[in-house]
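Here's a quick tour of one chain, with an eye on its charged side chains and how they are packed. Have the viewer open and follow along.

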Amino acid sequence: MYPEELARRIGLLILDVDGVLTDGGLYYDDGGRVTKRFNVQDGLGIKMAQTVGLEFAIITGLDAPAVAARAKELGIREYHPGHVRKAPVIRDICSRKRLDLAQVAYLGDDWVDATALKMVGLPMAVANAQPEIKELAAWTSAARGGHGAAREAIRFILSAQGSYESLWQHWLAEE
């Protein structure tokens, strides 16, 4: 099946954080606290996709206050930090939301994402993902993680579902 066909069924996009929503760097301030850099275009993409019913989840191996704050700011209720093994979390989310795995997309970049990519309906990778991860992906972004890759994945899904153009026209309309 072609990636566009897989994307038509997607109701939930699960995102990794480090290397997907961020550039993968760990920035330490003078107090030894880790800070992270997020892409504002990814955030706007998430917010606009939510208006047409696409749901989001974040599953990440680390537990960072900056990520919790960003998830809250974006209205992502399914925030699951501290999970290197992601399959059980995905199964739990699908069970609670009554979603089939074919209705789930996952965007990842590294080995910790492999099992998740193998189980979902639309496995996606960022441009700078590890080669093994790209091999598992049905779709790969042109953008690197933390540099608009999530926005690109959202655009791909919404375009396949036929809602992207209407969202764009809404933004063009005068208020």
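What follows goes from the overall fold to one helix, and then to the charged residues.

## The chain as a whole

First things first: this is a predicted model. The chain has eight helices and eight strands. Its C-alpha atoms fit in a box of roughly 45 × 40 × 30 Å along the principal axes. For 175 residues, a compact globule would have a radius of gyration near 16 Å, and the chain comes in at 15 Å, which agrees.

Buried residues account for 49% of the 175 residues. Take the contacts between residues at least 6 apart in sequence: 55% of them join residues at least 24 apart. As for the outside, the accessible surface is about 9100 Å², and carbon and sulfur atoms own 51% of that.

## Helix 4 and its buried side

Helix 4 runs over residues 87-97, and its buried residues are Ala87, Val89, Ile90, Ile93 and Cys94. They cover an arc of only 160° around the axis, so they sit on the same side of helix 4. What lies over them? The cover includes strand 1 (12-15), strand 4 (55-60), strand 5 (78-81), strand 6 (104-108) and helix 5 (114-119).

Helix 4 also has a salt bridge of its own, between the side chains of Arg96 and Asp92, at 3.0 Å from N to O. The two are four residues apart in helix 4, which means about one helical turn separates them. Arg96 is partly exposed, with a relative accessible area of 42%, and Asp92 is partly exposed too, at 37%. Just past the end of helix 4, Arg98 takes a positive phi of about 55°.

## Lys86 and its partners

Now step back to the loop between strand 5 and helix 4, where you'll find Lys86. Is this lysine buried or exposed? At 2% relative accessibility, Lys86 counts as buried. Leaving out residues up to four places away in sequence, Lys86 touches Asp16, Ile59, Thr60, Tyr106, Val112, Asp113 and Ala116.

One of those contacts is a salt bridge: the side chains of Lys86 and Asp113 meet at 2.9 Å, N to O. Asp113 is in the loop between strand 6 and helix 5, so the pair ties together parts that are 27 residues apart in sequence. Asp113 is buried as well, with a relative accessible area of 0%. Salt bridges with shared partners join Asp16, Lys86 and Asp113 into one network.

## Other salt bridges

How many salt bridges does the structure hold? There are eight. The general idea is simple: side chains of opposite charge can pair when their charged atoms come close.

Another of these pairs is Asp29 with Arg33, whose closest N and O atoms are 3.1 Å apart. Asp29 is partly exposed at 27% relative accessibility, while Arg33 is exposed, with a relative accessible area of 54%.

## Asp42, a buried acid without a partner

Asp42 is worth a click. This residue lies in helix 2 (residues 40-51). Which side chain of opposite charge is nearest to Asp42? That is Arg151, 6.8 Å away. A salt bridge needs a side-chain nitrogen within 4 Å of a carboxyl oxygen, and Asp42, although buried, has no salt bridge.

So what does Asp42 touch? Skipping residues up to four places away in sequence, the list is Val20, Leu21, Gly148, Ala149, Ala150, Arg151 and Ile154. Note that Arg151 is on that list, even though Asp42 forms no salt bridge.

## Across the fold

To finish, stay with helix 2 and look for Thr51. At 60% relative accessibility, Thr51 counts as exposed. How far apart are Thr51 and Pro88 in space? Their C-alpha atoms are 28 Å apart, and the two residues are 37 residues apart in sequence.

Terms used: Residues numbered from 1 in each chain as written. Predicted model: local features only at pLDDT ≥ 70, side-chain atom pairs only at ≥ 80, totals over all residues. Heavy atoms only, no water. Buried < 20%, exposed > 50% of the residue type's maximum accessible area, 1.4 Å probe, protein only. Arc of directions from axis to C-beta. Contact = heavy atoms within 4.5 Å. Lys, Arg positive; Asp, Glu negative; His and termini not counted. Rg over C-alpha atoms; globule rule 2.2 N^0.38 Å. Areas by Shrake-Rupley, 256 points an atom, 1.4 Å probe, with all protein chains shown as cover.
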